[in-house]
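Work through the exercises below with the structure open. Each task is followed by a stepwise solution.

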Amino acid sequence: MPDAMNLTESRPLAGASPAPATAPPAVEFRNVEVAYGKFVAVQDFSLSIEKGSFTTLLGPSGCGKTTLLRSIAGLVDITHGQISIGGRRIDDVPIYQRNIGLVFQNYALFPHKSIFDNVAFGLKYRNVPKAEIATRVTRALEMVRLPGSERKLPSQLSGGQQQRIALARAIVFEPEVLLLDEPLSALDANMREEMRVEIKKIQKQTGITALFVTHDQEEALSMSDRIVVMNAGRAEQIGTPQDVYDRPATKFVADFLGKANMLEGKVATVTGSVASVTLTGGQSVQITSPRQLSVGEAVTVVVRPQMLTTPPPPGASPLRGKVVSSSYLGGRVIYEVDIGEPALIRVNTAISGALAAEGAAMELGFAPADCVVL
Amino acid sequence: MTADRLPATAKRGWSLYDPRLAWLLVAPAALLLICFMILPIVVMGIYTFYTFVTAGVEEASLTVANWHEFFTDSYYHGFLLKTLRVGMVTALICAVVGYFPAYFIWATAFRQKWLLLLLLIVPFWISFTIRTFSWIHILGEQGLINVWAMKLGLIEAPMQMLYTEGAVIMGLLHFLLPYMILNIYVSLEGIDRTLVQAARSMGCTNAQAFREVTLPLSLPGLAAGLMLCFVLAAGSYVTPQLLGSGRDALFGNLIYDTIMGQLNWPMGATLSIVLFFILGSVAAIYTRFMGMSQIVKGLGG
């Protein structure tokens with residue numbers, strides 16, 4: 001295969017390549033497109049992943065996140081652009097020479113092989129000497145807290161244990177990237193939380209670069225260094241969990257990550273850093289935005305339910321409405337309030353005093369800085 | 001469900017899952033099996049101890065002479081060994097030749113797989129005897145191959161292909177290959193394809209992934225196909241009768257000859273019980289072995 005590699009490297013790179021200042025990124029996508037016939041699953045996707053980081057591709061099903069993961073793994077051919085691992089272009093390298101660790105949703109352990117043979121599999125095909133294989137398998141099994149399970153068959157383990165073995169099998173040969181394809185979604189809720197912590201811990205411990213695919217925002221927020229929110233084959237926003245949650249770049253991101261109230265309106269006045277927005281229903285809110293707003297501009301004000309309080313904080317102009325429903329969560333309560341906007345407003349607030357009854361009038365509001373203006 | 005909702009009176013009547021109903025439904029098949037399979041075999045078993053007097057005449061005085069003759073006369077042993085050999089060779093060729101189409105049907109991206117599977121069943125629409133006869137027109141002295149080979153000047157005199165062991169095996173292959181392919185295909189279809197992807201992602205080439213994952217996981221189907229083909233080939237009668245010479249007769253033909261030619265019913269019964277016992281044992285051993293691997297497979301699922 002060295003021929004193929006030379007060929008790849010001598011080929012001129014698409015687009016302007018930035019000067020390699022420091023170490024190359026662990027994984028780099030450059031203008032990647034994947035199409036199945038006429039259907040474009042991923043378009044113009046660029047991302048560079050830092051070595052040792054934990055990156056999550058988050059999005060609803062069909063957004064192209066799994067396709068991207070499979071394209072690094074070599075299970076899907078890209079139709080345009082290029083993918084590099086550690087600065088080495090790999091989109092023409094056959095799958096078995098890519099040195100990636102892959103964890104599947106359904107574990108994909110070999111049912112006819114013992115746990116030892118499953119974990120040793122990748123080492124065997126890397127011509128690691130037998131004695132070393134044994135010590136490395138033992139170490140990997142200790143890492144996933146299943147030492148002594150070498151002789152068992154996968155079917156003798158529970159789902160969570162099988163997924164740990166799958167993780168051990170994927171990291172034992174120290175791949176350049178660990179790809180996790182919704183590894184938690186086949187597990188039950190309790191196990192899921194435990195595995196979440198476990199995976200994150202092992203990733204930190206080994207310093208491996210991880211790329212995680214999920215549709216679960218909670219998983220994405222709790223595990224990632226960086227989240228790529230995807231929709232319809234494109235990256236909507238790339239940022240830290242706090243970035244994407246607190247400062248969503250698009251309506252889609254705001255809506256997909258946690259529940260968000262979206263208030264449509266027009267900018268009425270701008271006074272210094274504070275602007276007043278008149279909503280479709282006629283009420284107005286005060287907002288601040290890092291973006292320069294101009295009078296008459298149509299905007300969407302995104303407010304998280306937790307940022308709304310009743311009564312409104314001092315200084316904020318109140319929104320008046322009627323309580324449509326309330327759900328008591330013990331300590332907190334979620335109200336749905338009709339303030340004359342097309343959608344009901346969701347308020348998640350700590351309880352002070354008596355609960356508001358359904359049908360009662362309510363005043364609510366948020367501090368001008370506690371919102372995002374799109 | 002209904003039993004819970006209805007009052008106690010319903011419990012005395014019939015419900016859909018009543019075990020008595022199950023027995024009633026099994027009864028016709030069970031009766032047929034007892035009357036037309038188990039009883040005849042028992043009668044045959046008793047016949048093996050009858051005394052042969054002369055062609056067509058036997059006496060109900062019990063003797064072990066027939067069994068003694070079978071165990072001491074190498075004439076019978078030769079037939080038995082030959083039958084087992086032909087059965088094994090046929091089953092093995094079926095396995096080697098049949099694996100490829102089964103694998104192809106499994107691996108193809110062609111969407112109308114049912115069509116390919118249907119093609120496998122198409123031969124069954126033509127009578128087995130006619131399919132066997134058709135080989136006479138292909139392999140015979142004036143058959144397709146000899147006529148064309150002579151026309152093209154490849155040979156001067158027709159080759160002897162028909163009425164050989166090769167012809168018999170060819171006929172059996174023609175008959176048994178679909179069974180083998182279907183058996184292998186079914187077990188391939190049960191393999192989780194992400195296993196192959198997992199193997200490849202860990203450094204296997206396609207061929208290595210096949211050896212590590214696909215082949216071992218398809219072995220139950222291969223074993224089932226081998227067993228089925230062996231038993232059907234070793235128990236065959238029509239194919240060697242039509243395509244083999246007297247020398248290529250199998251055990252089934254020997255039984256026919258003993259009963260219909262020599263009119264020696266006690267010896268014919270003895271030979272039948274022998275074949276029944278041997279093929280039955282193969283199936284029984286296989287079932288035991290398969291039972292084991294089924295458990296492994298079930299656990300793996």
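**Exercise 1.** Find the bridge partner of A:Leu58 in E9(A), then follow E9(A) into its pairings.

*Solution.*
Step 1. A:Leu58 is bridged to A:Val229 in E9(A). The model is a predicted one.
Step 2. Now take the strands as a whole. Strand E3 (residues 54-58) of chain A and strand E9 (residues 226-231) of chain A run parallel, joined by four bridges.
Step 3. Turn to strand E10 (residues 234-239) of chain A. Five bridges pair E10(A) with E9(A), in the antiparallel sense. One of the partners can be named: A:Ile227 is bridged to A:Gly239 in E10(A).
Step 4. Inspect the connection. Two residues lie between E9(A) and E10(A), and the two strands form a hairpin. In the turn, A:Ala232 has a positive phi of about 45 degrees.

**Exercise 2.** Give the strand order of the open sheet that contains E1(A), and explain which strands stand at the edges.

*Solution.*
Step 1. The order is E2-E1-E4-E5 in chain A, and the pairing is antiparallel.
Step 2. Strand E2 (39-49) and strand E5 (88-89) of chain A each have a single partner strand, so each is left without a neighbour on one side. These two are the edges of the sheet.
Step 3. Check a pair inside the order. Strand E1 (residues 27-36) and strand E4 (residues 80-85) of chain A are antiparallel, with five bridges between them.
Step 4. Fix the register with one residue pair. A:Phe29 has A:Ile83 in E4(A) as its bridge partner.

**Exercise 3.** Do the same for the open sheet that contains E16(A), and add the average turn between neighbouring strands.

*Solution.*
Step 1. This sheet has four strands in the order E17-E16-E15-E18 of chain A, with antiparallel pairing.
Step 2. Strand E17 (345-350) and strand E18 (361-364) of chain A stand at the edges because each has a single partner strand.
Step 3. Ignoring direction, neighbouring strands are turned by 50 degrees against each other on average.
Step 4. Strand E16 (residues 332-338) of chain A pairs with E17(A) over six bridges, in the antiparallel sense. Within that pairing, A:Glu336 is bridged to A:Arg346 in E17(A).

**Exercise 4.** Describe how H3(A) packs on H4(A): what are the angle, the handedness and the residues in contact?

*Solution.*
Step 1. Two packed helices are described by the angle between their axes and the distance between the axes.
Step 2. For helix H3 (residues 115-124) and helix H4 (residues 130-143) of chain A, the angle is about 125 degrees and the axes are 10 Å apart.
Step 3. Classify the angle. From 65 to 115 degrees counts as roughly perpendicular and over 145 as roughly antiparallel. H3(A) and H4(A) are therefore oblique to each other.
Step 4. Their crossing is right-handed.
Step 5. List the contact. H3(A) gives A:Phe116, A:Val119, A:Ala120, A:Leu123 and A:Lys124; H4(A) gives A:Ile133, A:Arg136, A:Val137, A:Ala140 and A:Leu141.
Step 6. Sort by class: eight nonpolar, no polar and two charged residues.

**Exercise 5.** Repeat the analysis for H7(B) and H9(B).

*Solution.*
Step 1. Helix H7 (residues 128-139) and helix H9 (residues 165-189) of chain B have axes that come within 10 Å and cross at roughly 135 degrees.
Step 2. The two helices are therefore oblique.
Step 3. H7(B) passes H9(B) in a right-handed crossing.
Step 4. From H7(B), B:Phe128, B:Arg131, B:Thr132, B:Trp135 and B:Leu139 take part. They meet B:Ala167, B:Met170, B:Gly171, B:His174 and B:Phe175 of H9(B).
Step 5. By class, the contact has six nonpolar, three polar and one charged residue.

**Exercise 6.** Set the UniProt annotation of chain B against the model.

*Solution.*
Step 1. An unreviewed UniProt entry lists residues 80-286 of chain B as "domain: ABC transmembrane type-1". In the model this span is 77% helix and 0% strand, with its end C-alpha atoms 20 Å apart.
Step 2. The unreviewed entry also annotates "transmembrane region" for several stretches of chain B, including residues 21-50 and 114-138.
Step 3. Residues 21-50 of chain B are 90% helix and 0% strand, and the end C-alpha atoms are 42 Å apart.
Step 4. Residues 114-138 of chain B are 76% helix and 0% strand, with 30 Å between the end C-alpha atoms.

**Exercise 7.** Which helix gives the largest share of the side of chain B that touches chain A?

*Solution.*
Step 1. Count the contact: 16 residues of chain B and 19 residues of chain A.
Step 2. Helix H10 (193-201), helix H11 (206-234) and helix H14 (265-300) of chain B each give two or more residues to the chain B side.
Step 3. H10(B) gives the largest share, six residues.
Step 4. The chain B side divides into eight nonpolar, six polar and two charged residues.

Key. Residues are numbered from 1 along each chain as its sequence is written. Chains are lettered from A and ligands numbered from 1 in the order in which they are written. This is a predicted model: local features need pLDDT of at least 70, side-chain atom pairs count only at pLDDT 80 or more; totals for chains, interfaces and linings use all residues. Axes are lines fitted to C-alpha atoms, for helices over the stretch in contact, and angles run from 0 to 180 degrees between N-to-C directions. Angles under 35 degrees count as roughly parallel, over 145 as roughly antiparallel, 65 to 115 as roughly perpendicular and the rest as oblique. A crossing is left-handed if the near helix is turned anticlockwise from the far one by less than a right angle, and right-handed if clockwise. Two residues are in contact if their C-beta atoms, placed from the backbone, lie within 7 Å. Ala, Val, Leu, Ile, Met, Phe, Trp, Tyr, Cys and Pro count as nonpolar, Asp, Glu, Lys and Arg as charged, and the others, Gly among them, as polar. UniProt positions are given in the numbering used here, feature names are shortened, and annotations may be inferred rather than shown by experiment. Two strands pair if DSSP finds at least two bridges between them.
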